[in-house]
Amino acid sequence: MTPPRLRPAVRALVLDPADRILLVRFDFGDHAVWATPGGGIEDGETDEDALRRELAEEVGLEGFELGPLVWTRRHEVPLAGGRWDGQVERCYLVRTAEFDPEPKLSWAELREEGMTDARWWTLADVESSDELFAPRRLPSLVGEVVRRGPPADAVEVGL
């Protein structure tokens, strides 16, 4: 049996001073998902290099301090037209001043990757929302980080 081709990726739990979380929306035709910003690690990139590139491209965030690794996630679903069988993600905490998300990539470029929106959410908004999140238990995971701080060891968050 051939092992799955899993894309290495990095994401950021971006929180502002009011503990709002910055999320991006991906539309897949039959459903939409709100997720933390980030994406695939290119050849030769470190996690930090990839995260700096991805946050600039998707939400316009630059000049931030990279915080601790808070979550890991593995999910198997075809990506990039079948090039990948899934993704293995590492999610880092990024604390930043409030800013208006202004992606460096054009919205046309982002839509090619399925991304259609970026906005700040309060913890209460996330916890009371009927929207679909990735990971599915994002509201409780964010609540834990906001209320207790980052975990001592990264938490595997599942689908």
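Hi everyone, let me start in the middle of the fold: the cover over the buried residues of helix α4 includes β1 (6-15), β2 (21-27), β5 (65-75), β6 (86-95), α3 (123-128) and β8 (133-134). Before going on, a word on the source: this is a predicted model, where local features need pLDDT of at least 70 and side-chain atom pairs count only at pLDDT 80 or more, while totals for chains, interfaces and linings use all residues. Residues are numbered from 1 along each chain as its sequence is written, and side-chain values use heavy atoms, with hydrogens and water left out.

Some terms, too. Buried means under 20% relative accessible area, exposed over 50%, and partly exposed in between, with a 1.4 Å probe and protein chains only. A contact means heavy atoms within 4.5 Å. Helices (H or I, at least four residues) and strands (E, at least two) are DSSP runs, numbered from the N terminus.

So, back to α4. Which of its residues are buried? In this helix, residues 138-148, they are L138, P139, L141, V142, G143 and V145. Just after α4 comes G149, with a positive phi of about 90°. On the other side, the loop between β8 and α4 holds P135, and the peptide bond from A134 to P135 is cis, with omega near -5°.

One of the strands in that cover is β1, so let's look at L15, which lies in it. L15 counts as buried because its relative accessibility is 0%. Leaving aside residues up to four places away in sequence, L15 touches R20, I21, L93, V94, R95, T96, W120, V145 and V146. For a sense of distance, L15 and C91 are 76 residues apart in sequence and 13 Å apart in space, C-alpha to C-alpha.

The loop between β1 and β2 contains D19. Here phi is near 65°, a positive value in a residue other than glycine. Is D19 buried or partly exposed? With a relative accessible area of 22%, D19 is partly exposed.

Now to helix α1, residues 47-59. At 1.5 Å a residue, its 13 residues should span 18 Å (the expected span is 1.5 Å times one less than the number of residues), and the end C-alpha atoms are 17 Å apart, which agrees. The buried residues of α1 are D47, A50, L51, R53, E54, L55, A56, E58 and V59. D47 counts as buried because its relative accessibility is 17%. Not counting residues up to four places away in sequence, D47 touches V10, I41, R90 and Y92. After α1 comes G60, whose phi is positive, near 80°.

Finally, the whole chain. How many helices and strands are there? The protein chain has 4 helices and 9 strands, running β-β-β-β-α-β-β-α-β-α-β-α-β from the N terminus on. With 159 residues, a compact globule would have a radius of gyration near 15 Å, and the chain has 15 Å, which agrees; that radius is taken over C-alpha atoms, and the globule rule is 2.2 Å times the number of residues to the power 0.38. The C-alpha trace spans about 45 × 35 × 35 Å along its principal axes. Of the 159 residues, 43% count as buried. Among contacts between residues at least 6 apart in sequence, 67% join residues at least 24 apart.

That's the tour, and I'm happy to take questions.
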